[in-house]
Amino acid sequence: MKQLYLLFFFLTAFSVSYTQEASIDDFNLSGDAVKTGANCIRLTPDRIWSGGSAWHKQPIDLNGPFEMKLQVMLGCKNADGADGIVFVFHPYARRTGYQGEGMGFAGLEPSLGIEIDTWLNEHLGDPYQDHIALLRDGSVHHGNSLAGPARIPNIEDCREHPLTVRWTPAKLQLTIELDGKEVLSYRGDIVSGIFRGNSKVYWGVTAATGAYNNRQEICFEKLEFTKVEEVKPLELDGPKGKELLKGEVITLDNLQFESGSATLLSTSKAELARLAEIMRKYPTLKLDIFGHTDNIGGAGANQQLSSRRAEAVATYLSRLGIPDKRLSAKGFGEKYPIASNSTSLGRLKNRRVEFRLSRPIP
Ligand SMILES: [Ca+2]
Ligand SMILES: [Ca+2]
């Protein structure tokens, strides 16, 4: 239940989900990629040593949840087809990576790629069958795979196959479905682990051929993803900064934890860095950190969770150089709600970490 609530928190607090009609004009094409209809792009022709990619012009924010659905077509030649398609997240779009076994993905770094590989390269650890895997940083060697390779039935069958890529940041979970079945799943903090804290990345699809070839194509019926609204970071001369300096209790909009745990999401770290800056500017002030929860999940567990979250914040600030003696962390569990726990919006308000700057008692 907790996980559901945190997901809801994310959706209500920071983002507006919408479905966007697919438009090929929203993509930048590179290499041999060409439009082949109202909503299809041919990434490679059936010609040897070709490579192409299509990149959506708008970056996506990995702090928000999204789901993308597309159709992939890997060509009609099985025995002598090649090489495959990769769905990629990458901070600098517009480029196609290396051809052949690189599938237009090799060399794009940093990156996260979901490969559908149709050519056996033994030296890369490819299984003897078409396969799907989660790769990083433009490396197509399976020694570096984050998930997979998972074998799939021959996909070079002249047909379109639905591919769904779903990201749930509250659970740090990436799920991939092919032909309506879950084929890969990965849990990890992609933003800090791969993109060095940068949550806004471009996304696109690459493909390549080598000594053998296939026509490789993608089509979009609909694009569903979440547009993330900008949340203003904490600023000293902003309303929250002013309240804080007056000694009032504030909450931070960007402070987020993994569902049911005290692990800070990477979004929170930038916000806490601002708070640390403020504390450095006013070196005589102390900071009280108060954790609170809603009433779901039992009073004892909530007490512990609220304490661990307040402490996680203090630990992070201490790592940023704020002396421990200026920090005090305390959890209050579900004891002090600020809204009704009988509605989801009320519970959302109750799950919070509060901050108060205070002058030491002389
Ligand atoms: Ca291969
Ligand atoms: Ca095949």
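This is a guided tour of the structure shown above, taken one selection at a time. Keep in mind throughout that the model is a predicted one.

**Strand β15 and its partners**

Begin by selecting residues 200-208, which make up strand β15, and notice that this strand is mostly covered, with seven of its nine residues buried. Then add residues 51-56, strand β5, which pairs with β15 in the antiparallel sense over five bridges; to find your place in this pairing, look for Trp55, which stands opposite Gly204 of β15.

Next, add residues 60-61, the strand β6, which also pairs with β15 in the antiparallel sense, here over two bridges. The residue to pick out is Asp61, whose bridge partner in β15 is Lys200.

Now bring in strand β8, residues 84-90, which runs antiparallel to β15 and is joined to it by seven bridges. Within this pairing, His90 has Tyr202 of β15 as its bridge partner. While the strands are on screen, it may help to recall that in a regular strand the side chains alternate between the two faces of the sheet.

**The calcium ion**

Move on to ligand 1, a calcium ion, and display the residues that supply its protein donors: Asp117 through OD atoms, Trp119 through its O atom, Asn121 through OD1 and Asp126 through OD, with the donors lying 2.2 to 2.5 Å from the ion. If you follow these donor residues along the sequence, their spacing reads D-x1-W-x1-N-x4-D. Two of the residues in this group, Asp117 and Asn121, are buried.

**Gln216 in strand β16**

Select Gln216 next, a residue of strand β16, which covers residues 216-219. Is Gln216 buried or exposed? Its relative accessibility is 0%, and because the limit for a buried residue is under 20%, Gln216 counts as buried. A polar atom of the side chain of Gln216 lies 3.0 Å from the backbone nitrogen of Gly84. Label Ala33 as well, since the C-alpha atoms of Gln216 and Ala33 are 9.5 Å apart in space although the two residues are 183 apart in sequence.

**The two disulfides**

Staying with strand β16, turn to the cysteines, which form two disulfides in this model. One of them is made by Cys40 and Cys219, whose sulfur atoms are 2.0 Å apart. This pair links distant parts of the chain, since Cys40 belongs to strand β4 (residues 40-44) and Cys219 to strand β16, with their positions 179 residues apart. The link of Cys40 and Cys219 is right-handed, with 110° about the S-S bond. Cys40 is buried, having a relative accessible area of 13%, and Cys219, at 5% relative accessibility, counts as buried too.

The other disulfide joins Cys76 to Cys158, with 1.9 Å from S to S. This pair also links distant parts of the chain, 82 residues apart: Cys76 is in the loop between β7 (66-73) and β8, while Cys158 is in the loop between β11 (147-151) and β12 (161-168). The torsion about the S-S bond of Cys76 and Cys158 is about 105°, so this disulfide is right-handed. Cys76 counts as partly exposed at 47% relative accessibility, and Cys158 is likewise partly exposed, with a relative accessible area of 45%. Counting the bonded cysteines along the chain, the disulfides follow the pattern 1-4, 2-3.

**Helix α5**

Now select residues 299-319, helix α5, which has 21 residues and reaches 30 Å from its first C-alpha to its last, close to the 30 Å expected at 1.5 Å a residue. Colour its buried residues, which include Asn302, Leu305, Arg309, Val313, Tyr316 and Leu317. After the helix, stop at Gly321, which follows α5 and has a positive phi, near 100°.

**Asn341**

For the last stop, select Asn341, which lies in the loop between β20 (327-331) and α6 (344-350). Asn341 counts as buried, at 17% relative accessibility. Which residues is Asn341 in contact with, leaving aside its neighbours within four places in sequence? They are Asp294, Asn295, Arg347 and Asn350. With Asn350, the side chain of Asn341 makes a polar contact, side chain to side chain, at 2.9 Å.

Notes. Residues numbered from 1 in each chain as written. Chains lettered and ligands numbered in written order. Predicted model: local features only at pLDDT ≥ 70, side-chain atom pairs only at ≥ 80, totals over all residues. Heavy atoms only, no water. Buried < 20%, exposed > 50% of the residue type's maximum accessible area, 1.4 Å probe, protein only. Helix = DSSP H or I, 4+ residues; strand = E, 2+ residues; numbered from the N terminus. Pairing = 2+ DSSP bridges. Donors = N, O, S within 2.8 Å, 3.2 Å for Na, K, Ca; no water. Polar contact = N/O pair within 3.5 Å; in protein donor to acceptor, adjacent residues only side chain to side chain. Disulfide = S-S within 2.5 Å. Contact = heavy atoms within 4.5 Å. Expected span 1.5 Å × (residues − 1).
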